[in-house]
Amino acid sequence: MDMEGTPTSHGFYMPGEFESHSQTWLGWPERPDNWRNNAIPAQRVFVKVASAISKFEPVTVCASASQWSNARNQLPEHIRVVEMSMNDSWFRDTGPTFVVRKNSSSTSALDGKVAGIDWNFNSWGGIEHGCYQDWGHDLHVARKILEIEKLPRFPQSVILEGGSIHVDGEGTCLTTEECLLNKNRNPHLTKAQIDDVLKAYLGIKKVIWLPRGLYGDDDTNGHIDNLCCFVKPGVVMLSWTDDETDPQYDRSVEAFSVLSNTTDALGRSIQIIKLHIPGPLYMTDEEANGVLMVEFNKL
């Protein structure tokens, strides 16, 4: 059911990622131009991740028609496997942003306490700068998930991926200027306008804009989820290095400076936990040769 108005106008807000939730949705990897050796090694890892999560909550895995049987055969029986077309498996970015409310609003026609935001998507940058040229299936992932769960849908034309935002569930959102202000996302919107959209749709009161994301994150143009996240209200974990020759050093220092000189939506100073990142990681020849170098468009 498509809703009019914004989630905030109906009493919804985005909870913190660390809060209790009822289910996890995953996409099944398949693209040979992104996942080496026809995604076979990645699929083994996804099975382990899904199995681990399923010990604590229900898990649904979505796989394309050509991969449904393969996914069903590899995953434990108690994990639900749903056939769904997609261009790739990054459901954190293409799936819905779930929002909740503690009490039904007297001004809202909705009775439920969970809904979803269906953002626009352009493959992290569009035709010229995106990760792949055809993202037509990805555009429908969020809506399909919400229809399967029979949850209200708040459509939004602004291009935004789930990995580009992080909230504390108490009114504060973290994001990066490098991503949300990138000309390959929403060039027609100003920083203030994007700020307003986040407040209206996530139910937040304050956006903390960090300048840049993690060094080398060219695929997403600096998503916040690689750099910094809330571990609880008032406390963040920040990717860090003490090596001044590391190209990440300046990025971490500038983020630390911003966080140290601001407060959250409730006026609290922010405690920063430094998470030291590994040194450079290199792909082996075997790994590189396992990736198809021509774009794959048959999902």
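Colleague: What is the relative accessibility of E161?

Modeller: This is a predicted model, in which local features need pLDDT of at least 70, side-chain atom pairs count only at pLDDT 80 or more, and totals for chains, interfaces and linings use all residues. Residues are numbered from 1 along each chain as its sequence is written, and side-chain values use heavy atoms, with hydrogens and water left out. E161 counts as buried (under 20% relative accessible area; exposed is over 50%, partly exposed in between; 1.4 Å probe, protein chains only). The relative accessibility of E161 is 0%.

Colleague: Which residue forms a salt bridge with E161?

Modeller: The partner counts as buried, at 3% relative accessibility. In this salt bridge (a side-chain nitrogen of Lys or Arg within 4 Å of a carboxyl oxygen of Asp or Glu), the closest N and O atoms are 2.9 Å apart. The residue that pairs with E161 is R185.

Colleague: How many residues apart in sequence are the parts that D118 and R153 tie together?

Modeller: The side chains of D118 and R153 meet in a salt bridge of 2.8 Å, N to O. D118 lies in strand β5 and R153 in strand β6 (residues 153-159), so the pair ties together parts of the sequence; helices (H or I, at least four residues) and strands (E, at least two) are DSSP runs, numbered from the N terminus. D118 is buried at a relative accessible area of 6%, and R153 is buried at 12%. The separation of the parts in sequence is 35 residues.

Colleague: In which helix does R251 lie?

Modeller: R251 and E178 meet through their side chains in a salt bridge of 3.1 Å, N to O. E178 lies in helix α6, and the pair ties together parts that are 73 residues apart in sequence. E178 counts as partly exposed at 24% relative accessibility, whereas R251 counts as buried at 11%. The helix of R251, residues 249-260, is α8.

Colleague: How many salt bridges does the count come to?

Modeller: Some salt bridges share partners, and these join D2, D118, R143, E147 and R153 into one network. The count of salt bridges comes to 15.

Colleague: Which side chain of opposite charge is nearest to D88?

Modeller: D88 is found in the loop between β3 (80-83) and α3 (91-94). D88 is buried yet has no salt bridge. Lys and Arg count as positive and Asp and Glu as negative, while His and the chain ends are not counted. At 4.6 Å from D88, the nearest side chain of opposite charge is R31.
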